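Me: I'm a first-year student and I'd like a close look at just one part of this structure, the place where the ligand sits. Could you walk me through it slowly, and then show me how the other empty spaces look?

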Amino acid sequence: MDLFVTCGKMIEPLLADELAQLGFKQIIIGFRGVHVKGVPPEAIYRINYLSRLAERVLLPLKRFLCYDERSLYEGANKIDWLAYIPKGKSIAIDANVSHPRLRNSLFAAQLVKDAICDQLRKRVGWRPDVNVKSPDVQLNLYVSEKAGVISFDTSGKPLHKRGYRQETVEAPMQETLAAALLTLARFQGNEIVCDPCCGSGTLLIEAALMASKTPAGFLRSSWPFMLLPEYSQEQWLKVKVEADSARMILPKGQFFGADISKQAVHACKVNLRAAGLHQTVEVMQHEVSAYEPPIPPNFVITNPPYGKRMEDFGHLVSLYRTLGDFMKRKTAKPARGFIFTGSPDLAKEVGLAASRRHVIDNGGIEARLLEFDLY
Ligand SMILES: C[S@@+](CC[C@H](N)C(=O)[O-])C[C@H]1O[C@@H](n2cnc3c(N)ncnc32)[C@H](O)[C@@H]1O
């Protein structure tokens, strides 16, 4: 089978590398995702469970010429829906459509829903309910030019929802973005890690999950791929048991974080507990300048606020300078430091020359991961 694995903007090449490392050979980079071709059903389990960068694993059910309402309805009607939607299960259709003859994505999704319901009512006398918030079967429609494709979303909930985020802060980082930054930072898993503006702890948690070889999907319990006709529980358990058995217990004293906000430190601790990492990652409430990590780190990674209002700027200038000092004075040399920011002006205030700059999209803002070599 062929799969389309979706991801955030600019993450595509990193995801392609990750999938190659998972052993897949036929990989083609697309827009906001990567095509993986000629794979067995087991690939669906492996990518969903192991990929740290993927958002969804889509299994195309039908590709068809789609140029108007009729061709869309007929294309959708050609799928044997009884094979994919069991009686009593709800559906939702996520649509992304760009064609002049199809009014909008919502309307196109409605047409696919009609085709499904008409077909099932005619064949078996029942139709599925629609549940947009929490469907049992999530379907995906993509139409570009005249090419339509309807896919079964084997992930359901997006994969960045790992299951540990119980509490949040004002500007939390998405889990898949944190994993992408750690990948760009060439994180090895044996460094002493510190995030001095840790917020809800996403960078620390993703780093600890990587270091302990914990599968990205370890905390998730519901997998819509179990509804697929080709689902094999034996194969899924083989993938899961093999991945779970590679997990390692991390020593104490490797992961440290701080945040000025009491509420952020609380959120971070709650999330660490949910991830099973509360005894591994040590978090304290501190202002960066007053923070002394219990062990000097050799890998600092953080995303400080970068403010959108002018009045924030002066305050943030001093935070970025303090972060520069922190990396210079409180790390074990040689060390590497990383600051992720959407503000090139504030980046200059760090007072260190970046050895590399990695550009990455952060919710529509072009942001940079700045890398500093600290000797
Ligand atoms: C963009 S958020 C970090 C989000 C985090 N990566 C996450 O996933 O939740 C920036 C954090 O920096 C913290 N912060 C701001 N000024 C600080 C300072 N002077 N010292 C320590 N932390 C600070 C804020 O409280 C906030 O939690």
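Reply: Start with E287: an N or O atom in its side chain is 2.5 Å from a nitrogen atom of the ligand. Keep in mind as you look that this is a predicted model. Now find D259, where a polar side-chain atom lies 2.6 Å from an oxygen atom of the ligand. V288 does things with its backbone: a backbone N or O atom there lies 3.1 Å from a nitrogen atom of the ligand. How much of the ligand does the protein bury? Taken alone, the ligand exposes 610 Å², and the protein buries 91% of that.

Next, zoom out a little to the whole shell. There are 21 residues around the ligand, and D259 and E287 are among the closest, along with S200, T202 and N303. Sort that shell by class and you get twelve nonpolar residues, seven polar ones and two charged ones.

On to the empty spaces. Rolling a probe the size of a water molecule over the atoms shows where empty space is left. Take the second largest pocket, which holds about 810 Å³ of space. It has 28 lining residues, and those closest to its centre are E18, Q21, L50, R52 and M210. Which helices help build this lining? At least two residues each come from α1 (12-21), α2 (42-50), α5 (175-184), α6 (202-211) and α7 (233-245). Of the contributions to that lining, α1 makes the largest, with four residues. Domain 1 (3-153) and domain 2 (175-213 + 248-374) each give at least three residues to the lining. As for class, the pocket lining has 15 nonpolar, six polar and seven charged residues.

There is a closed space to find as well. Searching the whole structure turns up one cavity of 30 Å³ or more, and the volume of the largest cavity is about 30 Å³. Its lining is made of R162, Y164, L209, T214, P215, A216, F218 and L219. Split by class, that lining has six nonpolar residues, one polar and one charged.

Before you put the viewer away, here are two backbone oddities to hunt for. In the loop between β1 (3-6) and α1 you'll come across M10. M10 isn't a glycine, yet it has a positive phi of about 75°. The other spot is P334, in the loop between α9 (313-329) and β12 (335-341). A cis peptide bond links K333 to P334, with omega at about -5°.

If you only have time for one stop, go back to the ligand and click on E287, D259 and V288 in turn: their N or O atoms sit 2.5 Å, 2.6 Å and 3.1 Å from ligand atoms.

Methods: Residues numbered from 1 in each chain as written. Predicted model: local features only at pLDDT ≥ 70, side-chain atom pairs only at ≥ 80, totals over all residues. Heavy atoms only, no water. 1 Å grid on protein atoms, 1.4 Å probe; cavity = no way out; pocket = protein on both sides within 12 Å on 5 of 7 lines; lining within 4 Å. Points joined across faces, edges and corners; volume = space filled by probe spheres on them. Nonpolar A, V, L, I, M, F, W, Y, C, P; charged D, E, K, R; others polar. Domains from an automatic or database assignment. Near = heavy atom within 4 Å. Polar contact = N/O pair within 3.5 Å; in protein donor to acceptor, adjacent residues only side chain to side chain. Areas by Shrake-Rupley, 256 points an atom, 1.4 Å probe, with all protein chains shown as cover.
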